[in-house]
Amino acid sequence: MGNAALPKSWREGEYTVTRTTAWSAPGCHEGCGVLCYVKDGKLVKVEGDPEHPFNQGRLCPRCVALPDVVNHPDRLLYPMMRDPSQRGNPDAWERISWDEALDRVESKFKQITADYGAEAIQMFHGTGRDVLWEAQRLAYSMGTPHDVSYLSGLACWMPRLVAYIMTVGCYMMPDCSQRHERRYDDPAWRVPEVLVIWGNNCVQSNPDGFFGDWAVECMRRGSKLIVIDPRLTWLAARADIWLQPRPAVDSAIAIGMLKTIIDEGLYDHAFVDEWTSGFDELCSEISRYEVDSLASAAWVNPEKLKAAARMYAAGNNSAIQLGLAIDMQRHGNAAALAIIDMMAICNNIDRPGGQIFTPDPAGVNNFGWGWEELPQQQQEKLIGYNEYPMIRMGMRLDQPDLCIEQAISEQPYKFRVAFMIGTNPLTCMGTDHAKVKEAIAKLEFIAVADWHMTSTIQAYADLVLPVAMYVEKQGLRYMYTNLGVMDQIEGLEVRGECKGDEEISWLLGKRFNPSMYPWESVEDMITEMLTPAKLSYQDLRTIHWYYDPMEYGRFEKGTLRHDGKVGFSTPTGRIELYSYMAESIGCPPMPYYEEPYLSPVATPDIYQEYPVIVMTGTRNVQFFHSEHRQIPKLREIQPDPWVEINDEWAAEEGIRAGDWLWIENPKGRIRHRAKPTPTLRKGMANLNAGWWFPEMDPHEDPLYGCSGVNPNLLLENGHQGPTGFGADLKSVLCKIYKCKEGEF
Ligand code: SF4
């Protein structure tokens with residue numbers, strides 16, 4: 001458990017080297033081990049820690065570029081404020097002290113609470129970087145339940161998470177040995193015979209605690225590979241079977257595969273009898289579908305789909321990595337249910353090289369930390385609490401589509417102030433740009449903590465706090481595989497007056513609710529969070545990482561459920577192929593196939609005028625959401641937003657690489673540069689998200705040009721799935737044509 005024999009810090013020639021954990025660079029979802037090199041008080045180099053079991057020395061370019069982030073000339077270094085009448089004026093910012101800044105936030109938020117109730121406060125936070133628990137605890141200390149993201153249908157992780165909870169009671173991942181400290185050498189682990197990468201370009205995006213290199217390692221060790229993706233990705237090009245579906249109809253593919261496995265009797269009958277419930281109902285439900293029709297609806301060869309199902313079922317241990325693309329469809333929850341059912345009936349759950357549970361290491365889980373301290377009547381003000389009861393599970397975020405309607409209508413009450421940590425909703429996750437702008441503009445006061453000026457700060461914020469990077473602060477990495485800490489690295493001179501997100505939460509939270517922040521220091525606060533692990537911050541710092549012992553087949557041993565009984569963490573103790581919980585709250589209890597709200601099938605008239613199916617939300621390795629556009633090394637990889645289009649179609653239209661194109665639908669029009677590619681079918685396009693131009697003069701546009709290129713201009717709120725989760729971000733019908741000379 002950990003390795004205390006490894007040094008924390010040492011000299012290497014002219015460098016001081018420190019071993020630490022990178023939970024953020026500045027943003028991501030991983031938590032890699034890194035070696036940080038300091039010379040003359042400056043961070044000059046970051047390398048992967050070859051000893052760390054998680055990433056084994058590998059890094060993506062965002063961590064490699066961290067010195068450029070830390071030393072960036074335009075980094076925010078001091079708290080600043082401007083009069084709310086001066087929003088959008090880049091010259092109106094004035095440097096203030098931390099005390100003044102914290103006083104201002106405290107007095108304004110307390111006054112609003114006294115006049116209107118704490119529910120008039122909104123808390124926004126980004127994803128990745130350890131901003132989640134800090135933001136939530138701070139919100140609860142203020143008395144508000146409103147943890148807000150304006151991403152329609154919370155179309156990121158929630159549809160998958162809820163599907164896992166409905167069926168097996170806990171989130172799961174493919175077993176690529178990541179929970180073993182000895183990794184691929186652990187004798188208990190087996191390489192997945194078949195690995196399915198579904199809606200996920202994991203070697204580019206390192207999604208949700210899954211490091212893409214693990215898939216490559218499994219391939220090297222013999223895993224057969226099935227890839228399901230509308231794009232010919234690096235992995236798809238190396239797959240044994242690649243299914244290239246029409247975007248956003250993954251439930252058709254999944255039900256088709258599930259039905260093939262059932263119809264051909266390829267499942268584990270004994271396991272189904274003993275450990276699942278609802279199999280008969282599931283069989284009856286999917287009997288109304290024809291596999292060939294489902295495949296045709298998804299534009300996939302039926303025989304190929306059946307071959308994929310047979311290959312998956314034939315593996316003694318098969319594993320599926322479910323990607324973000326599943327969430328970014330209105331019926332993503334239904335697709336995830338069908339995929340999980342497939343894992344279940346093939347007895348791949350809780351098996352070596354199959355699908356493994358991802359409990360938080362040593363029980364350390366800080367999602368919603370402090371929620372219980374909110375009075376019941378405040379908890380019930382979580383938006384969607386009654387309309388979409390599943391919103392109370394998982395991350396406890398307001399249901400975004402309802403939330404934005406309330407923000408604009410001011411009914412039943414108005415949101416008046418907001419605190420934002422590490423988020424840029426006007427550029428990135430705020431679906432339906434015009435509405436997000438309107439909602440944010442209505443707020444009387446906005447305070448933001450971030451490391452660099454953003455469009456949201458420049459256009460609408462009134463106060464800004466400068467945040468520290470992981471090499472400059474104390475923090476905790478937790479979730480899925482291991483625990484680790486961050487600490488200010490040896491020899492580094494911290495620039496300006498930056499503070500970690502944890503410290504900002506601690507400093508402010510003490511002012512709002514001292515009993516929720518009783519600790520003398522951030523270190524004490526982190527030690528408190530580590531209580532379930534029986535480790536202190538300093539213990540963890542010494543051993544570098546902590547892994548729980550990994551065991552398989554826990555459901556059979558009675559070590560999975562809290563009550564010590566055998567079975568799964570569901571009401572019946574079985575894998576619920578029919579979800580009684582979902583049924584009880586009026587949600588579909590089983591998988592189903594429905595079209596996106598806009599598609600060639602659902603809306604043929606619209607499709608005729610807007611004949612390109614545009615996907616958005618795909619990730620690149622060089623950027624994390626809207627971050628990193630100001631880092632030259634990373635920007636060089638991609639200087640402008642681009643739209644991938646089929647190369648033959650581009651040639652027919654006289655479009656060349658780099659041409660500016662309009663992407664237009666009835667909602668709006670944006671421009672991106674053309675990137676013709678053979679990796680997409682004709683009639684499909686893939687659009688970058690999160691773009692802005694930090695190099696622009698904010699006097700010209702305080703939004704730094706994001707409105708001209710933001711795919712959120714093409715998206716519409718209010719089409720969430722029946723659970724309240726999922727939104728169609730992968731099936732946006734548009735037309736694409738060349739911009740004329742001088743048009744913008
Ligand atoms: S996934 Fe990439 S950015 Fe994130 S910690 Fe690991 S190397 Fe750094």
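1. Tyr289 is partly exposed, because 18 other C-beta atoms lie within 10 Å, a count that falls short of the 20 or more required for a buried residue. The model is a predicted one. Tyr289 belongs to the loop between α11 (279-286) and α12 (291-297). Neighbours within four places in sequence left aside, the contacts of Tyr289 are Ile255, Lys259, Leu294 and Tyr593. Its C-alpha atom is 11 Å from that of Ile253, the two residues being 36 apart in sequence.

2. Met81 is likewise a residue of partial exposure: it counts as partly exposed because it has 19 C-beta neighbours inside 10 Å. This residue is part of strand β5 (residues 80-81). Beyond four places in sequence, Met81 is in contact with Glu94, Ile96, Ala101, Arg104, Asp462 and Leu463. Between Met81 and Trp649 there are 50 Å in space, C-alpha to C-alpha, and a separation of 568 residues in sequence.

3. Strand β14 (residues 318-322) is largely enclosed by the rest of the structure, since five of its five residues are buried. Ser318, Ile320 and Leu322 point one way from β14, while Ala319 and Gln321 point the other way. Residues on both sides of the strand are buried. As to its pairing, β14 runs parallel to strand β10 (residues 194-198), with five bridges between them. One of the bridges joins Val196 to Ile320 of β14.

4. Helix α7 (residues 213-220) has Trp214, Ala215 and Cys218 among its buried residues. These residues lie on the same side of α7, because they cover an arc of only 105° around the axis. A general point applies here: an α-helix has 3.6 residues a turn, so residues three or four places apart point the same way. The cover over the buried residues of α7 includes β10, α6 (202-205), α8 (234-237) and β14. Just after the helix, Gly222 adopts a positive phi of about 115°.

5. Which residues surround the ligand? They are Ala22, Ala25, Cys28, Glu30, Cys32, Asn55, Leu59, Cys60, Arg62, Cys63 and Asn206. Sorted by class, this shell comprises seven nonpolar, two polar and two charged residues.

6. An open sheet is formed by four strands in the order β1-β2-β3-β4, with antiparallel pairing. The edges are taken by β1 (9-12) and β4 (42-48); each has a single partner strand, so one side of each is left without a neighbour in the sheet. Direction ignored, neighbouring strands of the sheet are turned against each other by 30° on average. Within this sheet, strand β2 (residues 15-22) and strand β3 (residues 32-39) are antiparallel partners over seven bridges. Val38 in β3 stands opposite Thr16.

7. Six strands make up a closed barrel, in the order β23-β27-β24-β26-β25-β28, and their pairing is mixed. From one strand to the next, the twist averages 45°. Strand β24 (residues 642-646) pairs with strand β27 (residues 684-687) in the antiparallel sense, over three bridges. The bridge partner of Ile645 in β27 is Ala685.

8. Several backbone features merit inspection. Most residues other than glycine have a negative phi, and most peptide bonds are trans. Arg183, by contrast, has a positive phi near 50°. It is located in the loop between β9 (172-174) and β10, and it counts as partly exposed because its C-beta neighbours inside 10 Å number 17.

9. Is Asp350, with 24 C-beta neighbours inside 10 Å, buried or exposed? Asp350 counts as buried, because that number satisfies the threshold of 20 or more. Its phi is near 65°, a positive value in a residue other than glycine. Asp350 sits in the loop between α15 (332-345) and β15 (355-357).

10. The peptide bond from Gln411 to Pro412 is cis, and its omega is near 0°. Pro412 is placed in the loop between α17 (400-409) and β16 (417-421).

Technical notes
Residues numbered from 1 in each chain as written. Predicted model: local features only at pLDDT ≥ 70, side-chain atom pairs only at ≥ 80, totals over all residues. Buried ≥ 20, exposed ≤ 12 C-beta atoms within 10 Å, placed from the backbone. Helix = DSSP H or I, 4+ residues; strand = E, 2+ residues; numbered from the N terminus. Pairing = 2+ DSSP bridges. Near = placed C-beta within 6 Å. Nonpolar A, V, L, I, M, F, W, Y, C, P; charged D, E, K, R; others polar. Arc of directions from axis to C-beta. Contact = placed C-beta atoms within 7 Å. Axes fitted to C-alpha atoms, helices over the stretch in contact; angles between N-to-C directions.
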